[in-house]
Amino acid sequence: MNSRTSVNDMSGDVPEISRYNREAVLSLPHASEVSIFDTTLRDGEQAPGIALSPEDKIRIALALDDLGVDIMEAGFAASSEVERDTLKRLMDAGLKCTVCSLARSRTSDVDAVLNTGVGYVHTFIATSPLHMERKLRMTSDQVKEAAVSTVEYARDHGLRVQFSCEDATRSDPIFLKEVYKAVEEAGAESVNVPDTVGVILPRAISSLIKDLKKDIRIPIAVHCHNDLGLAVANTIAAVEAGASICHVTVNGIGERTGNAALEEVALNLYANFGIRTVDLSKIMHTSALVERVTGFPMAFNKPIVGRNAFAHESGIHVHGVMCDPLAYEPFPPELVGAGRQIVIGKHSGEHSVKGRLEALKVRFPEDRMPELMDAIKSFAVGGKEIDDMELIAIAENVLTGDQNKEKAVILDGFAVFTGAGVEPTATVTMTVKGEKRIVSGIGVGPVDAAMNAIAKAVNPNMTLEEYRLSAMTGRSDSMCEMTVMVKNVQDDGQLSVGTAVGLDVVRSFVEAMINAINRDFAKIRE
Ligand code: KIV
Ligand code: ZN
């Protein structure tokens, strides 16, 4: 275990997430120190659809090291030259954690590890009757002999060794213990119990670990797959029974339905057992990086790191969270480096809508709230979330519903001049509250120049807060939809949103601006 190995601490800032857990845990002789053996770069990378380049692996490895994992299984040295080069680069990267490579129980695989300079090997061989008979075509004696001789070979060559009985949870318990005992004697520093196809129950892994602990003296690791959705529960049950090394992957990526998720295991260990492992505040950042680099999308409802993990929409929940966030959150999102989100959508109540409008400094008359709530509900059909710009636009629509009102600003014409080696310039001709104005503006591009010209004509204090352009097809003659959000049309800090659709990007921008300005002038001020 390295310097960042976990410590057990039920005092101080550890939140009590459920008194029932605390009481249940106190009665258990669970492991008090747990090491995180991260296999994101090995088992995680084996997930169909993920293929990491050496640079991808190094980026993720640096983040995992910063997160504070103890052991990082970064690849399988025997698999390719590129894999060996990546392991070598990781050894030169000055990581604080221990870098490990996987190896089958054969000397050539160990030689491949030795070739990389990695000092820690995870050797394995299958011990279930199914794997031995049908896949390996080896007898149990041959399997045991391969396991032991490979551990001895690795130890003789100076490597630290963790050994796994692949498919342990479908292996004969007597043979399983015999193999683990033999590799312990051969010099392995820990043994791992893989639930290779994710079939075991928490209660069963608990008895298995307890039984192994009667005879095995070295630390026991667990490696749980998620085929039946029990990977994290099984990992925690194994720790309760005395396992002290958890194999995990960030976001739970891995073969088929994946492995026990690092973030879920780490949070459970901390909040339920007071066991500190990784730096929890870096969880969100690491998870997002792994999602981006692997391109493996995460479910919205993924525990701890999914985009809905701390998002609240329904009226009752938002109200509860506004009174006290713990009403509908198991722990504060900041603990894992995340933030709370109040989502405006079909299920929102007035509390959240008012809260959001206040945060955006949008004034909205109390007596028109029922109309606004109706408008939000009809806009959000089909589960659509309403973002800030859309909320402002809906609120304005409610307030400026009478489209026959005279417009404060009329666009009479505009021209832009742009190209290479010239300063982009825009000239607008408009009537502002009955007064004709012709104004020019310059900018970094035609849109910026048009914005500056319009601001000069209407109010120089006006600012463009945001604009969005979306093309409706992928062709150059596509229609485009422009949405702009402006502030301070009338020097009162209010935001106003305008939209326009057309074939010309700059023209659509100018029309959207005029639309936003007219909406602001048409708003009923309290
Ligand atoms: O799931 C598994 O059995 C493995 C082994 C290589 C340990 O990943
Ligand atoms: Zn695995």
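Three exercises with worked solutions follow, on a helix, the cysteines and a cavity.

This is a predicted model, in which local features need pLDDT of at least 70, side-chain atom pairs count only at pLDDT 80 or more, and totals for chains, interfaces and linings use all residues. Residues are numbered from 1 along each chain as its sequence is written, and side-chain values use heavy atoms, with hydrogens and water left out.

**Exercise 1.** Find which residues of α7 are buried.

Solution. Begin with helix α7 itself, a DSSP run of H or I with at least four residues, numbered from the N terminus, which here covers residues 140-156. Then apply the cut-off for buried, under 20% relative accessible area with a 1.4 Å probe and protein chains only, which gives Val 143, Ala 146, Ala 147, Val 148, Thr 150, Val 151 and Ala 154. After the helix comes Gly 158, with a positive phi near 85°.

**Exercise 2.** Explain why Cys 100 forms no disulfide.

Solution. A disulfide is a pair of cysteine sulfur atoms within 2.5 Å, and a search of the whole structure finds zero. The closest cysteine sulfur to that of Cys 100 belongs to Cys 97 and is 10 Å away, so it is too far for a bond. Cys 224 is likewise in no disulfide, the nearest sulfur, that of Cys 246, being 8.3 Å away.

**Exercise 3.** Determine which helix supplies the largest share of the lining of the second largest cavity.

Solution. List the lining first: Leu 67, Val 250, Leu 262, Glu 263, Ile 283, Thr 286 and Ser 287. Both α11 (262-273) and α12 (283-294) supply at least two of these residues, and the largest share, three residues, comes from α12.

Technical notes:
Chains are lettered from A and ligands numbered from 1 in the order in which they are written. Helices (H or I, at least four residues) and strands (E, at least two) are DSSP runs, numbered from the N terminus. The expected span of a helix is 1.5 Å times one less than its number of residues. Buried means under 20% relative accessible area, exposed over 50%, partly exposed in between (1.4 Å probe, protein chains only). On a 1 Å grid over the protein atoms alone, a cavity is a set of points where a 1.4 Å probe fits but cannot get out, and a pocket is an open set with protein on both sides within 12 Å along at least five of seven lines; lining residues have an atom within 4 Å of a point.
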